[in-house]
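Here is a walk through one structure, from the way its chains meet to the fold inside a chain. Keep the 3D view open as you read.

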Amino acid sequence: MHDPARVLADMGLALPPVPTPLGAYVPALAEGDLVHTSGMLPVRDGLVAFTGRVGAERTPSEGAEAARLCALNAVAALASVLGGPEGLIRVQRIVRVTGHVCSAPDFLDQPTVVDGASAWLAAVFGERGRHTRLALGAYVLPRNATVELALVARIAP
Amino acid sequence: MHDPARVLADMGLALPPVPTPLGAYVPALAEGDLVHTSGMLPVRDGLVAFTGRVGAERTPSEGAEAARLCALNAVAALASVLGGPEGLIRVQRIVRVTGHVCSAPDFLDQPTVVDGASAWLAAVFGERGRHTRLALGAYVLPRNATVELALVARIAP
Amino acid sequence: MHDPARVLADMGLALPPVPTPLGAYVPALAEGDLVHTSGMLPVRDGLVAFTGRVGAERTPSEGAEAARLCALNAVAALASVLGGPEGLIRVQRIVRVTGHVCSAPDFLDQPTVVDGASAWLAAVFGERGRHTRLALGAYVLPRNATVELALVARIAP
């Protein structure tokens, strides 16, 4: 049995505290057999760790790191509504990832940036982490974040 | 029991007519235990009441008003597939709000704008109105609208 | 009984091969009673057939053609997780279409562009093809694509 909590431990990763919402909403919500997360920014220790456009102030590789950090925050939010990291074993599938990449107008490789999140989710969740995805170029994101990313997951009843 | 129709009445708000779709789609759809709404513009009396970019032609406070108007239209669409305002009592949860804010390139506070919708939804639906959310900066929106906003809700069987 | 496979045959359309994902994700996923597709680009024979902004390098009518091509790819992806074109008869409803249109800053008619997809889906799926929709203006899309479009469908158990 693939156990995401064990994979995270093997990676030496502890789930961070769930980022504080920037308004009147919640980080994640379990309703029926779906969990939605809010759009996550590349926040670390309460600060947006990656700002600026990929293709201008940021390299694609920094963008991918930002996307992975967003995914880490999204998984922390997911775990928070499943009773902690051990609850991640109830994830049957990461269904959908939406990744918005703040982009220079001539930067056209959003897929490589969002892959920072996708590849990491596949590593953590195994086959259950293989999701559908939208990778989009954003004009501007909250707090000048380089990436904003949200998840939908299906949960075992 | 929190009754959204009563809250709306107490606010002195009648649900507006559902905005006419701008093409071959429907304003809202109930399928299984979910209702999706289409992207709603800040339409009032058939006209887009807020146009232009926040941080340029529009203040954040006008943007928040636009977001609230989008949410009002989204709730009207929701009610239209639940048999009218009284049907809103079947909403178990507003699951997801996606808010796109037409932004100047240096405007970075989309969360405050979309909060115009989020806070209003929490007022109307109470605990059941607390949702997950994406707040995004848009380059351009249909009809030069300041905000476009869509909802997903979960409905009692 | 409305049979999408027959409609496609009557249109003289064969479903194309599902476009190869641009990273660590899957083109479509059936989970529970929902199928999600990834964001589809206007790919034909492995190449992005429509690039550039509507309102600048592309006319609205070319944009609509691009959107229809995205929808064709999305339906191919849908069919691929339903056992082929005949499996499309299990689609109870196209629930949600999200269309991102790479736009010049003064191009405000994204709905007409995305209608290239919406009208075609209604033709293929009949009443079951009438969906909710977001039409958005994008700053930049992967591979300089003119449109990116994703679907969510509900499937008969």
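This is a predicted model. Begin with the way its copies meet. Only 7% of the interface residues of chain C are also interface residues in chain B, so the copies meet through different surfaces.

Look now at the contact itself. On one side stand 28 residues of chain C, and they are in contact with 23 residues of chain B. Where on chain C do the residues that touch chain B come from? Strand E5 (91-102), helix H3 (110-125) and strand E6 (132-138) of chain C each supply at least two of them. H3(C) gives the most, with 8 residues. By character, the side of chain C that touches chain B divides into 13 nonpolar, 7 polar and 8 charged residues.

Next comes the symmetry. A turn of 120 degrees, with a shift of 0.0 Å along the axis, lays chain C on chain B with an RMSD of 0.0 Å. The two copies are thus related as by a three-fold rotation axis. Which C-alpha of chain C is nearest the axis? That of Tyr139(C), 3.2 Å from it.

Now go inside one chain. Chain A has an open sheet of 5 strands, in the order E1-E2-E7-E5-E6, with mixed pairing. Strand E1 (28-31) and strand E6 (132-138) of chain A stand at the edges. Each has a single partner strand, so one side of each is left without a neighbour in the sheet. From one strand to the next, the twist averages 15 degrees.

Take one pair of strands from this sheet. Strand E5 (residues 91-102) of chain A and E6(A) run parallel, joined by 7 bridges. Within E6(A), Ala135(A) stands opposite Gly99(A).

Helices pack on the sheet. H2(A) touches E1, strand E2 (34-37), E5 and strand E7 (147-155) of chain A. The direction of H2(A) makes about 40 degrees with that of E7(A). Helix H3 (residues 110-125) of chain A also packs on the sheet, touching E5, E6 and E7 of chain A. Its direction makes about 160 degrees with that of E5(A).

Stay with H2(A) for a moment. Is this helix mostly covered or mostly uncovered? Mostly covered: 16 of its 21 residues are buried. Its length can be checked too. At 1.5 Å a residue, the 21 residues of helix H2 (residues 60-80) of chain A should span 30 Å. The end C-alpha atoms of H2(A) are 30 Å apart, which agrees.

Conventions
Residues are numbered from 1 along each chain as its sequence is written. Chains are lettered from A and ligands numbered from 1 in the order in which they are written. This is a predicted model: local features need pLDDT of at least 70, side-chain atom pairs count only at pLDDT 80 or more; totals for chains, interfaces and linings use all residues. Two residues are in contact if their C-beta atoms, placed from the backbone, lie within 7 Å. Helices (H or I, at least four residues) and strands (E, at least two) are DSSP runs, numbered from the N terminus. Ala, Val, Leu, Ile, Met, Phe, Trp, Tyr, Cys and Pro count as nonpolar, Asp, Glu, Lys and Arg as charged, and the others, Gly among them, as polar. Copies are superposed by least squares on the C-alpha atoms of residues with pLDDT of at least 70 in both. The expected span of a helix is 1.5 Å times one less than its number of residues. A residue is buried if 20 or more other C-beta atoms lie within 10 Å of its own, exposed if 12 or fewer, and partly exposed in between; C-beta atoms are placed from the backbone. Two strands pair if DSSP finds at least two bridges between them. Axes are lines fitted to C-alpha atoms, for helices over the stretch in contact, and angles run from 0 to 180 degrees between N-to-C directions.
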